Amino acid sequence: TVAFAQDWNVDSRTRIDMSDVDGNGDAVKSTDQRATLGATWGGSDWGIHISSDVNYTLGQDADASMAIYEAYASTDLMGYASVTAGRQALNYGSGALMSSNDWAVNRTTWEGMTFGLNLDMADITLGYAAMNTGMGDDDNGNMWVNASGEFSGWDVNVLYMTETGLHADGSAASENAATGIDISGEVMGAGITASMNTDFNENTMRVIGLSYAINDDMGVNASHTAYSDEGNFNMSGTNMDGSYDATGNLGYLGAGDEDLAIGLTYAMSGVSLGATMHKITNTLDEDVARDVMEISLGYSLNDNASLSVKYATDASGVEGADDMKYTYLTLTVRP
């Protein structure tokens, strides 16, 4: 006797981009639509999932594309572990090293295998992904270990990644490992977070954050982000690989940059409001003075749909340069 369950899911997102990308008032005013249709079949110790993305841009330069987003199978290994094989969207820790970049049209996925170990002390995942680039005998591959758990009231996530083979430009992969350590907890009613990351080129990115709930509806937060002086920190395909036009957020900053951010959040009766001010300076160049402001407004229309608006201004501080302005309107619908 074989018994299995079947589940369907649909996610539709519409984004209107009204970016003043050149500082001259020439807004993009483009509308992008992405619909994701997925199906999952499974039993008590196995599962199969497949989903596809359909993207199209409305307007004068209309364009459409379709691709398989995720396609993988999972099964239990005699109760000691689980294995998943196929194309997977993976997010670990803060996402600074490995994340799916849901804002982009072509989201990041990993083609390979992941093993989840059933341990009481922590959730440990081993992963391997590889792709033949056709540029040499070696595959372009990655291996990683991610461990997460709660210890004495603190949530800890540790990610260790290596890469092999050749990059798209033909250069050899780095012999260095990328590492990320994320810690979060609460002290005297205040939330504290710390994220310490090193990329494959040994450049570092450190983030320290503090949040406090004024009441049930309102909260304040502050964070300080610092980058090493040697080179630009970057991990391809993550939620931060790019700026507002590519990822919908500030993205990675340059070598020696420091970002002091202060924000306010408010949520009540399905309405959420947020405002954040970024002050960016540079330890290598005292003339760098970049100011970024983000304002977001969200509303839950019902249990299946939500609407959000995000507005950001980016003042580079360079004499004669105009501010960049970004406005996004996003409608998300799920059955």
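1. Let's start with a bit of vocabulary. A residue is called buried when its relative accessible area is under 20%, exposed when that value is over 50%, and partly exposed in between. Take Asp102: its relative accessible area is 30%, so Asp102 is partly exposed. Please keep in mind throughout that this is a predicted model.

2. Now the overall picture. How many helices and strands does the chain have? It has one helix and 18 strands. The chain is 335 residues long, and 36% of those residues are buried. If you take the contacts with a separation of 6 or more, 45% of them are between residues 24 or more positions apart. As for the surface, about 18,600 Å² is exposed, and carbon and sulfur atoms supply 56% of that area.

3. Have a look at the largest nonpolar core next. This core has 28 residues, and Met98, Trp144, Met161, Met205 and Met235 are the ones with the most contacts inside it. Three strands each supply at least two residues of this core: β9 (154-164), β12 (204-213) and β18 (324-333). Which strand gives the most? That is β18, with three residues.

4. Met98 is a good place to zoom in on that core. Setting aside neighbours within four places in sequence, Met98 is in contact with Leu90, Asn91, Tyr92, Trp110, Trp144, Leu159, Met161 and Thr238. Two names in that list, Trp144 and Met161, also appear with Met98 among the core residues with the most contacts.

5. Asp182 is worth a pause. You'll find Asp182 in strand β10, which covers residues 178-187. Asp182 is buried yet has no salt bridge, and the nearest side chain of opposite charge, that of Arg206, is 12 Å away. What does the side chain of Asp182 meet, then? A polar contact of 2.5 Å joins the side chain of Asp182 to that of Ser195. A polar atom of the Asp182 side chain also lies 3.1 Å from the backbone nitrogen of Ser94. Beyond neighbours within four places in sequence, the contacts of Asp182 include Gly93, Asp155, Val156, Asn157 and Ala194.

6. Compare that with Asp257, in strand β14 (residues 257-268). Asp257 is also buried and has no salt bridge, and here the nearest side chain of opposite charge is that of Arg290, 5.5 Å away. A salt bridge needs a side-chain nitrogen within 4 Å of a carboxyl oxygen, so 5.5 Å doesn't make the cut for Asp257 and Arg290. The side chain of Asp257 does have a polar contact of 2.6 Å with the side chain of Asn282. Leaving out neighbours within four places in sequence, Asp257 is in contact with Thr225, Ala226, Tyr227, Ile280, Thr281 and Asn282.

7. So what is Arg290 paired with? Arg290 forms a salt bridge with Asp314, and the closest N and O atoms are 2.6 Å apart. Asp314 lies in strand β17 (residues 305-315) and Arg290 in strand β16 (residues 290-300), so this pair ties together parts that are 24 residues apart in sequence. Asp314 and Arg290 are both buried.

8. There are six salt bridges in the structure. One of them joins Arg13 and Asp11, with the closest N and O atoms 3.0 Å apart. Are the two partners buried or partly exposed? Arg13 counts as partly exposed because its relative accessibility is 25%, while Asp11 counts as buried because its value is 11%.

9. Back to Asp102 from the opening point. The side chain of Asp102 meets that of Arg107 in a salt bridge, at 3.5 Å from N to O. Arg107 has a relative accessibility of 14%, so Arg107 counts as buried, whereas Asp102 is partly exposed at 30%. Which residues make up the network here? Asp53, Asp102 and Arg107 are linked by salt bridges.

10. Last, a residue without a charged side chain to look up: Ala35, in strand β2 (residues 30-42). Its relative accessibility is 27%, so Ala35 counts as partly exposed. Apart from neighbours within four places in sequence, Ala35 is in contact with Asp11, Ser12, Ser52, Asp53 and Val54. Asp11 and Asp53 should ring a bell: Asp11 pairs with Arg13, and Asp53 belongs to the salt-bridge network. Ala35 and Tyr56 are 21 residues apart in sequence, and their C-alpha atoms are 9.1 Å apart in space.

Definitions and conventions. Residues are numbered from 1 along each chain as its sequence is written. This is a predicted model: local features need pLDDT of at least 70, side-chain atom pairs count only at pLDDT 80 or more; totals for chains, interfaces and linings use all residues. Side-chain values use heavy atoms; hydrogens and water are left out. Helices (H or I, at least four residues) and strands (E, at least two) are DSSP runs, numbered from the N terminus. Buried means under 20% relative accessible area, exposed over 50%, partly exposed in between (1.4 Å probe, protein chains only). Contact means heavy atoms within 4.5 Å. Accessible areas come from the Shrake-Rupley method with a 1.4 Å probe; for residues, only the protein chains shown count as cover. A nonpolar core is a set of buried Ala, Val, Leu, Ile, Met, Phe, Trp, Tyr and Cys residues joined through side-chain atoms within 4.5 Å. Lys and Arg count as positive and Asp and Glu as negative; His and the chain ends are not counted. A polar contact is a pair of N or O atoms within 3.5 Å; within protein, one must be able to donate a hydrogen and the other to accept it, and residues adjacent in sequence count only if both atoms are side-chain atoms.
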